[in-house]
Amino acid sequence: MKVDPTLIEQECHVFTRFLVRAPATPYVRDKYLEAHRLSGTFVPAAGVDSALVTVARWSPAVTRVADAYARLCAPRGVLRRKLVLLLAILETSPPFFRAIDYEPSRSWAMASLHLAVTATIGIGAAAVGMIAFLPLRLTEGVWKRRGE
Amino acid sequence: MVSDRRVLVVGSGPSGVHFAQTALSKGYQVTMVDVGREAPTPVMPEADLVQLKEELADPAGYFLGGSYEGVLLPDFDKEYYGTPPSKNYVFEDGARFAGSLEGFEPLFSFARGGMAEAWTAGCYPFNDGELTDFPFSYARLAPHYGEVARRIGITGEPDDLGRFMPLHEHLLQPLPLDTHSLRLVRAYERKRAYLNETLGAYLGRTRVATLSRDMDERKACTKLGRCLWGCPRGALYTPSQTVRTLQRHDGFRYLGGLEALRFQIGDNGRATALIARQVGGGEIQTLPTSQLALAAGTLPTAAIVLRSILAATGERVRLTGLMDNRQVLVPFLNVGMLGRPYDPASYQYHLLGLGLSDPDPRAYVHGQITTLKTALLHPIIQQLPFDLRTSLLVARATHSALGVVNVNFHDSRRGDNWVELEEGADMESPRLRIRYVPAADEPGRLHAALGKVRRVLRALGCVVPPGMQHLRPMGASVHYAGLFPMTTSGDGRWGTDEHCRTREFSNVLLVDGSTFPFLPAKNVTFTLMANASRVAAEAL
Ligand SMILES: Cc1cc2nc3c(=O)[nH]c(=O)nc-3n(C[C@H](O)[C@H](O)[C@H](O)COP(=O)(O)OP(=O)(O)OC[C@H]3O[C@@H](n4cnc5c(N)ncnc54)[C@H](O)[C@@H]3O)c2cc1C
Ligand code: SF4
């Protein structure tokens with residue numbers, strides 16, 4: 001599969017910072033690139049699919065919003081596929097697997113509070129994502145109808 | 001009794017190896033024909049899971065595979081088995097056997113050791129109620145359960161599940177419980193009266209073929225947390241270990257890399273030779289036989305018999321009565337475990353079992369409870385309804401509190417579930433047409449039992465997340481059975497006698513699940529092994 005390595009590497013850095021709050025190691029970057037070279041499944045189709053990936057590359061904060069939207073409205077799209085691939089690489093590679101597997105030990109009350117706050121942030125990200133990307137979806141709907 | 005003390009066995013799965021071991025102990029010469037794809041050498045055998053991730057030169061390559069086949073992408077729409085790349089060899093080339101399928105998604109294995117090279121080692125004896133349709137009772141099988149337990153090492157103890165599972169000989173002390181499982185046991189003890197009396201639900205230790213103490217070359221489980229990827233200590237039993245034991249026996253010959261195509265049928269209706277081909281489209285070999293035992297797994301065994309009939313008579317036979325256990329996965333979150341650290345140094349599979357009683361013992365519902373330990377998390381994280389960062393944090397915070405009950409249901413033989421050779425299938429393309437229609441009462445049975453499972457979990461302090469229960473397709477439990485049922489009555493052209501001898505071909509024994517006339521909810525493999533041993537003891 002022909003890919004633009006610079007673009008994929010840059011995307012890998014942004015997405016890694018989104019997922020684990022750290023820059024990608026050369027190993028992770030190479031694995032991510034290799035997966036893109038091996039399979040066409042990470043090539044976005046035109047339209048919302050492609051726009052989501054382009055926008056998500058801007059910064060980790062934007063990735064979160066784009067991904068929150070994708071989870072609800074494009075769960076099988078290329079952005080989700082790329083992020084899940086990266087997550088799988090990170091959870092099997094040092095040092096990142098620790099950031100995915102391990103939670104600091106907390107009291108039951110603190111753990112419940114932490115969970116509630118995390119979920120609330122997630123719901124917030126989804127709300128922002130829906131507001132920010134809904135116009136994109138509507139536009140695509142109009143394009144599709146015109147094309148028919 | 002036959003006087004010629006030689007037997008040709010096809011297949012090295014649990015059925016084949018325990019048939020062979022008993023045959024050898026009776027002084028038989030055993031030749032085993034097997035496709036026999038081999039396992040890769042285990043990497044860093046002394047390392048635990050964390051060390052593997054830390055120290056392997058290419059950890060993602062090991063866990064996800066050279067072509068990233070171990071990554072579960074969100075657009076994957078088949079049944080997910082979570083088979084790691086190190087177990088790819090177990091299911092390699094199976095697709096060649098699957099023709100047109102209706103209501104059934106089978107797996108095939110051509111590994112040395114068969115499907116159980118990737119199993120989770122649950123070993124449960126059937127009781128008299130469950131054996132009602134079989135032409136023998138528990139008492140006749142009990143010595144063979146004991147013998148197989150002695151050979152492979154099964155852990156378990158007398159507890160509340162004992163009312164469903166007879167106690168056979170040679171049980172080893174159970175593996176230690178992880179914190180989460182222990183918490184479930186404590187909650188069960190507090191709620192025992194309600195669970196037993198109101199729901200008919202019982203909790204106890206699973207019986208697993210994983211060693212709690214060293215046994216010959218195999219070492220006791222030291223909680224490396226690598227069970228899914230292949231236990232490097234040999235603590236978790238796989239039949240290829242028995243193949244190694246058999247290979248030390250003078251009377252045993254293992255012919256790997258050979259695919260049995262069919263047997264030749266002589267004028268007297270007896271099999272005279274096995275026709276096999278070297279794997280990879282190689283040379284055809286004719287192996288003369290006076291006694292043939294097919295243990296290729298229910299579906300491949302059916303393919304061999306169907307092709308033999310087709311070659312001899314031109315007849316295309318349809319075999320009815322295919323069975324498999326319906327399985328439903330019920331994930332749960334144990335609220336009391338929140339905040340507890342996750343411990344990767346844990347045995348990965350089920351340590352607890354859940355039994356739901358029924359006035360009809362054949363309708364017993366069997367559950368295995370796995371508390372989540374060292375599995376890959378990306379398949380779970382992506383299912384949560386948030387962006388991946390939030391989902392990752394939620395999964396991490398709940399990691400030590402997650403678990404799943406794999407609920408198994410019984411199956412019975414019905415005429416509308418059948419197997420035949422695909423039209424146009426020949427020796428080169430052995431594809432099977434399979435049709436399966438669930439029993440009419442299945443939705444009602446599942447609904448009632450799953451409602452009980454959720455109530456049990458709630459009573460144990462767990463939450464069942466809505467919408468995450470998963471009904472697995474038929475074929476997914478890989479407990480296939482029933483195409484040549486054993487009976488004493490002599491009914492049915494395609495049945496076998498109580499010694500699993502085919503009625504049509506008097507020197508052909510079927511020693512896998514093919515001959516089971518009923519499929520209880522309990523995982524079948526322990527009974528496959530015990531029955532194979534029984535057949536060798538009684539029929540040879
Ligand atoms: C993920 C997983 C988990 C499981 N967990 C459990 C569990 O916890 N408990 C349980 O009871 N069961 C479990 N099972 C099911 C169990 O593995 C099977 O019931 C069991 O392996 C069947 O044994 P078998 O010997 O009859 O057939 P198989 O295991 O299928 O073995 C067939 C053998 O025949 C050989 N063969 C096939 N066709 C040919 C041919 N034409 N020529 C030559 N050789 C041939 C193959 O190479 C293989 O060696 C599990 C299965 C899977 C996949
Ligand atoms: S935890 Fe699993 S991999 Fe580790 S020793 Fe025990 S059975 Fe083997």
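**Exercise 1. Which of the 37 residues around ligand 1 come nearest?**

Before you start, note that this is a predicted model, where local features need pLDDT of at least 70, side-chain atom pairs count only at pLDDT 80 or more, and totals for chains, interfaces and linings use all residues. Residues are numbered from 1 along each chain as its sequence is written, chains are lettered from A and ligands numbered from 1 in the order in which they are written, and side-chain values use heavy atoms, with hydrogens and water left out.

*Solution.*
- Step 1: Collect the residues near the ligand, meaning those with a heavy atom within 4 Å of it.
- Step 2: From these 37, pick the nearest: Ser15(B), Asp34(B), Thr120(B), Ala260(B) and Thr525(B).

**Exercise 2. Find polar contacts of ligand 1, and how much of the ligand the protein buries.**

*Solution.*
- Step 1: Look for pairs of N or O atoms within 3.5 Å.
- Step 2: An oxygen atom of ligand 1 lies 2.7 Å from a side-chain N or O atom of Asp34(B).
- Step 3: Turn to the backbone, where a polar atom of Ala111(B) is 2.9 Å from a ligand oxygen and one of Pro14(B) is 3.2 Å from a ligand oxygen.
- Step 4: Alone, ligand 1 exposes 990 Å², and the protein buries 94% of that (Shrake-Rupley method, 1.4 Å probe).

**Exercise 3. Which element supplies the largest share of the shell around ligand 1?**

*Solution.*
- Step 1: Use DSSP runs, with helices (H or I) of at least four residues and strands (E) of at least two, numbered from the N terminus.
- Step 2: In chain B, H1 (14-25), S2 (29-34), S8 (258-265), H8 (298-313) and H12 (525-539) each supply at least two residues.
- Step 3: The largest share is that of S8(B), with three residues.

**Exercise 4. Describe the surroundings of ligand 2.**

*Solution.*
- Step 1: The residues around ligand 2 include Cys221(B), Lys223(B), Arg226(B), Cys231(B) and Tyr347(B).
- Step 2: Sorted by class, the shell has five nonpolar, four polar and three charged residues. Here Ala, Val, Leu, Ile, Met, Phe, Trp, Tyr, Cys and Pro are nonpolar, Asp, Glu, Lys and Arg charged, and the others, Gly among them, polar.

**Exercise 5. Which helix gives the most to the lining of the second largest pocket?**

*Solution.*
- Step 1: On a 1 Å grid over the protein atoms alone, a pocket is an open set of points with protein on both sides within 12 Å along at least five of seven lines, and lining residues have an atom within 4 Å of a point.
- Step 2: This pocket's volume, the space filled by probe spheres set on the points, is about 1,000 Å³.
- Step 3: Helix H7(B) gives the most, with seven residues.

Definitions and conventions:
Polar contact = N/O pair within 3.5 Å; in protein donor to acceptor, adjacent residues only side chain to side chain. 1 Å grid on protein atoms, 1.4 Å probe; cavity = no way out; pocket = protein on both sides within 12 Å on 5 of 7 lines; lining within 4 Å.
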